[in-house]
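Work through the exercises below with the sequence and the coordinates open beside you. Each task is followed by a solution in steps.

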Amino acid sequence: MFHIDVKDISTDILVLDEQHAKIINIMEDLKASVSNYHYENVETLLNSLHEVSQAHFKDEEAYMLSIGYPELEEHIIEHRKLEEKAKKLREDFKAGQPVLMSIIAFLSRDWLRQHVKESDMKYVGFQKQGAK
Ligand SMILES: [Fe+2]
Ligand SMILES: [Fe+2]
């Protein structure tokens, strides 16, 4: 488990919350597959994560644009960096490199802790301030 409390990552936007939940589910499945040595599932899960996150980043970027979020550019750069790193790890895994622990660390630290819990919550904070 990644120990993410949904209350800590609520965006108040249904579609974004559902996408975050989906992304976290896939990540949990990935972590469980690695822990249980079910490596045959890893490639499929990495592909699912890629598809779901592409849709999520697109929707999140459109949402941030719609609320006039001032840190949109920086946020978009973070999304591209996450995509690039995920792509590299996926390719390395397919090429037979021993990257499973790097994948788990990347999901836990870079993606969930640094991006979802911190960067995503910044646009939520901005939106809430403006709504007051
Ligand atoms: Fe997000
Ligand atoms: Fe984001």
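The exercises go from the overall fold to the helix pairing, the core and the backbone.

This is a predicted model, in which local features need pLDDT of at least 70 and side-chain atom pairs count only at pLDDT 80 or more, while totals for chains, interfaces and linings use all residues. Residues are numbered from 1 along each chain as its sequence is written, and chains are lettered from A and ligands numbered from 1 in the order in which they are written.

**Exercise 1. Describe the secondary structure and the overall dimensions of the chain.**

Step 1. Count the elements, taking helices (H or I, at least four residues) and strands (E, at least two) as DSSP runs numbered from the N terminus: the chain has four helices and zero strands, in the order α-α-α-α from the N terminus on.

Step 2. Compare the radius of gyration, taken over C-alpha atoms, with the globule rule of 2.2 Å times the number of residues to the power 0.38. The chain has a radius of 15 Å, close to the 14 Å that the rule gives for 132 residues, so it is as compact as a globular protein of that length.

Step 3. Add the box: along the principal axes, the C-alpha atoms fill roughly 50 × 25 × 20 Å.

**Exercise 2. Determine how α2 and α3 are shaped and how they pack.**

Step 1. Check each span against the expected one, which is 1.5 Å times one less than the number of residues. For α2, with 25 residues, the expected 36 Å agrees with the 36 Å between its end C-alpha atoms, and for α3 (residues 72–94), with 23 residues, the 33 Å reached is close to the 33 Å expected.

Step 2. Fit the axes as lines to C-alpha atoms over the stretch in contact, with angles from 0 to 180 degrees between N-to-C directions; α2 and α3 then pack at about 170°, their axes 11 Å apart. Angles over 145 degrees count as roughly antiparallel, and α2 and α3 are therefore roughly antiparallel to each other.

Step 3. List the contacts, meaning C-beta atoms, placed from the backbone, within 7 Å: residues of α2 including V42, L49, F57 and L65 meet residues of α3 including L72, I76, A86 and F93.

**Exercise 3. Locate the largest nonpolar core and the helices that build it.**

Step 1. Apply the burial rule, by which a residue is buried if 20 or more other C-beta atoms lie within 10 Å of its own, exposed if 12 or fewer, and partly exposed in between; 13% of the 132 residues count as buried.

Step 2. Join buried Ala, Val, Leu, Ile, Met, Phe, Trp, Tyr and Cys residues through C-beta atoms within 7 Å. The largest core has ten residues, I23, I26, M27, L30, L45, L49, I103, L107, W111 and L112, and α1 (14–35), α2 (42–66) and α4 (100–131) each supply at least two of them.

Step 3. Examine L45: leaving aside neighbours within four places in sequence, L45 is in contact with I26, D29, L30 and S33.

**Exercise 4. Which residues take a positive phi although they are not glycine?**

Step 1. Recall that most residues other than glycine have a negative phi.

Step 2. H3, at about 55°, and D12, at about 70°, are non-glycine residues with positive values. H3 lies in the segment before α1, as does D12.

Step 3. Inspect their surroundings: H3 counts as exposed, with 7 C-beta neighbours inside 10 Å, and D12 counts as exposed with 10.

Terms used: Two residues are in contact if their C-beta atoms, placed from the backbone, lie within 7 Å. Angles under 35 degrees count as roughly parallel, over 145 as roughly antiparallel, 65 to 115 as roughly perpendicular and the rest as oblique.
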